Amino acid sequence: MKYRSLGKEGPEVSEIGFGAWGIGKAMWVGAEDADSLKTLAYARDCGINFFDTALAYGDGHSERLLAQAFGKSEEVVIASKVPPMNMVWPAQAGSKLSVVFPYQYVMDSLNQSLKNLGREYVDVYQFHVWSDEWADSEEWQRTAREMRSSGQVRQVGISINDHQPTNVLKALKTGLVQTVQVIYNIFDQSPEDELFKYCQENGIGVIARVPFDEGSLTGKIKPETKFAEGDFRNVYFQGDRKQQVWGRAQAITKDAEVKMDELPSLALRFCLSHPAVSSVIPGMRREEHVRANAAVSDQGRLDQSTLDGLRKHRWVRSFYAGS
């Protein structure tokens, strides 16, 4: 496993991190705690030291599993998130800070996360949605400052709204944010346009999420694929979307001259090939997922010719909207 700095102020984190949404159970079907704990332990054995969770993942269940797995180990770097008080994802244009992230609510949520994690501090605490309309707010700036000055948060982060990579630049210019989390994959390459350059120039850590486009870029989402009742992917891949992504996955493998079972490693290597990225955080619920994903770290970055070939597969759209 290779490691990268999480921004100019951050710790060294494994370039393959662990996305812990799935083990929180909410909106994902099939996770069992005993298996999740084994998977977390196996991830550490594979050199993974960076774990991304959130208070909203199973109402703190994901955080509590991390506490069971790792206790207070300082060898583990944990990022968590404060959910919007109005529970609306993503943040809507014109929404008021007072109904999404008021000061006291954020600080209370932080304390709840710390209680769930069994820790005195969290390495990264992220706003789980964002609107740059709030960047100039004195209340938000006070919140960001006090999270760090309290000693309870090592780095303040923002988890950027789906497919809105520039909707954070005003906040970054305040100097109060040390990390960003953003959708970045072969389909959504838009963070390369402006965000990544700014992060590189200013030492902002970048956490790349959704590297597999919720499964599209694993080659396992086919027209006939069925999901369990209650799985959010029934909405994400509604209508003819499974047919769409299957066709695009086939086109990628043909152009890159790889087999379909090599697509997941290609997708991860694409993310890691950009120097702005500190860590990429695929969701992992089983040991075989960890084994395959962790092994990608040893494969190195893609060559320029392959990267150039993947540029034409850029396909920004929002399946999260549900229509």
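**View 1. Strand β6, a covered strand in this predicted model.** Let's start with β6, which covers residues 122–127. Six of its six residues are buried, so call the strand mostly covered, with buried meaning under 20% relative accessible area. On one side β6 pairs with β5: the two run parallel and are joined by four bridges. Look for Val124 of β6, the bridge partner of Ala79. β6 also pairs with β7 (residues 153–159), again in parallel, and here there are five bridges. Phe127 is a handy landmark for that pairing, as it stands opposite Ile158 in β7.

**View 2. Strand β5, with both faces covered.** Which residues of β5 are buried on each side? Val77, Ala79 and Lys81 are on one side, with Ile78, Ser80 and Val82 on the other, and all of them are buried. In a regular strand, side chains alternate between the two faces of the sheet. That makes six buried residues out of six, so β5 is mostly covered. Lys81 is worth a look here, a lysine on the list of buried residues.

**View 3. Where β4 meets β5.** β4 takes in residues 50–52 and β5 residues 77–82; they run parallel, with three bridges between them. Two of the partners are easy to pick out. Phe50 has Val77 of β5 as its bridge partner, while Asp52 has Ala79. Ala79 turns up in the other pairing too, with Val124 as its partner in β6.

**View 4. The open sheet, from edge to edge.** Step back a little and β4, β5, β6 and β7 take their places in an eight-stranded open sheet. The order is β3-β4-β5-β6-β7-β8-β9-β10, and the pairing is parallel. Which strands stand at the edges? They are β3 (18–19) and β10 (279–280); each has a single partner strand, so one side of each is left without a neighbour in the sheet. Strands of a sheet pair through backbone hydrogen bonds.

**View 5. Helix α10, tucked away.** All the action here is in residues 263–272: 10 of the 10 residues of α10 are buried, so the helix is largely enclosed by the rest of the structure. The buried set includes Leu263, Pro264, Phe270 and Cys271, and it also includes Arg269. What covers them? Among the covering elements are β1 (3–5), α9 (241–256), α11 (287–295) and α12 (304–310). The edge strand β10 is part of that cover too.

**View 6. Asp188, a buried loop residue.** Asp188 lies in the loop between β8 (179–183) and α7 (195–202). Buried or exposed? At 1% relative accessibility, Asp188 counts as buried. Leaving aside residues up to four places away in sequence, Asp188 touches His163, Ile183 and Val316. Gln164 is 24 residues from Asp188 in sequence, and their C-alpha atoms are 10 Å apart in space.

**View 7. The whole chain, for orientation.** Zoom out and you have 12 helices and 10 strands. The radius of gyration is 19 Å, close to the 20 Å the globule rule gives for 323 residues, so the chain is as compact as a globular protein of that length. Its C-alpha trace spans about 50 × 40 × 40 Å along the principal axes. Buried residues account for 57% of the 323. Of the contacts between residues at least 6 apart in sequence, 76% join residues at least 24 apart.

Conventions
Residues are numbered from 1 along each chain as its sequence is written. This is a predicted model: local features need pLDDT of at least 70, side-chain atom pairs count only at pLDDT 80 or more; totals for chains, interfaces and linings use all residues. Side-chain values use heavy atoms; hydrogens and water are left out. The radius of gyration is taken over C-alpha atoms; the globule rule is 2.2 Å times the number of residues to the power 0.38. Buried means under 20% relative accessible area, exposed over 50%, partly exposed in between (1.4 Å probe, protein chains only). Contact means heavy atoms within 4.5 Å. Two strands pair if DSSP finds at least two bridges between them.
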